[in-house]
Amino acid sequence: MAIERTLAILKPDCVRKRLTGEVLRRIEAAGFKVCALHMQKLSRSRAEGFYEVHRERPFFSGLVDFMTSGPCVPVVLEKENAVNAFRTLIGATDPAEADEGTIRKDYADNKGENIVHGSDSAENAKNEIAYFFGEGRIPADHS
Ligand code: GDP
């Protein structure tokens with residue numbers, strides 16, 4: 001299996017609950033390498049752009065309210081099969097449906113405020129990483 005990158009976002013509820021360190025610890029303990037991270041408060045247009053595919057969904061404006069409610073932490077992660085491995089680590093979108101031992105099961109309050117984002121395909125991962133980490137924003141050497 002090839003080494004791959006994925007984009008995580010520690011969402012505003014994660015930062016607010018002071019779980020930034022704990023969630024990063026669990027991610028690293030699961031074998032992911034942290035390649036880049038950048039805490040930031042998203043503007044509405046940046047949050048809308050990130051979730052553009054959901055624009056017509058009923059939860060869209062609530063999602064943008066939530067994602068702009070405080071700082072979040074986009075993180076570039078690397079591991080074999082990173083996209084699928086990270087989705088497994090975080091669990092289902094709705095914590096009530098997430099497997100035991102997953103990050104969302106352990107920390108998320110509900111389907112909207114669910115602690116962490118993870119790219120859902122290799123193609124989306126590439127685009128999402130580029131959305132937050134442009135040219136020169138990922139340190140070249142992680143060895
Ligand atoms: P993900 O890939 O597991 O994050 O899920 P989706 O891509 O389907 O949705 C993106 C994000 O929108 C989720 O992580 C939630 O924060 C939010 N979301 C998705 N579905 C719902 C919903 O039915 N209600 C609410 N309130 N938020 C939702």
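In this predicted model, the ligand is surrounded by Lys-11, Tyr-51, His-54, Phe-59, Leu-63, Arg-87, Thr-93, Arg-104, Lys-111, Gly-112 and Asn-114. By class, this shell comprises 3 nonpolar, 4 polar and 4 charged residues.

Three residues of the shell place a polar side-chain atom at a short listed distance from a ligand oxygen atom, as follows.

| Residue | Side-chain atom | Ligand atom | Distance |
|---|---|---|---|
| Lys-11 | N or O | oxygen | 3.0 Å |
| Thr-93 | polar atom | oxygen | 2.6 Å |
| Asn-114 | N or O | oxygen | 2.9 Å |

Taken alone, the ligand exposes 540 Å², and the protein buries 76% of that area.

The ligand is located in the largest pocket, which holds about 710 Å³ of space. A total of 26 residues line this pocket, and those nearest its centre are Tyr-51, Val-53, His-54, Leu-63 and His-117. Two or more lining residues come from each of helix H3 (44-50), helix H4 (60-67), strand S4 (116-118) and helix H7 (122-132). Among the contributing elements, H7 gives the most to the lining, with 4 residues.

The lining of the largest pocket divides into 7 nonpolar, 10 polar and 9 charged residues. Tyr-51, His-54 and Leu-63 belong both to the shell around the ligand and to the group of lining residues nearest the pocket centre.

Technical notes:
Residues numbered from 1 in each chain as written. Predicted model: local features only at pLDDT ≥ 70, side-chain atom pairs only at ≥ 80, totals over all residues. Heavy atoms only, no water. Near = heavy atom within 4 Å. Polar contact = N/O pair within 3.5 Å; in protein donor to acceptor, adjacent residues only side chain to side chain. Areas by Shrake-Rupley, 256 points an atom, 1.4 Å probe, with all protein chains shown as cover. 1 Å grid on protein atoms, 1.4 Å probe; cavity = no way out; pocket = protein on both sides within 12 Å on 5 of 7 lines; lining within 4 Å. Sits in = over half its atoms within 2 Å of the grid points. Nonpolar A, V, L, I, M, F, W, Y, C, P; charged D, E, K, R; others polar. Points joined across faces, edges and corners; volume = space filled by probe spheres on them.
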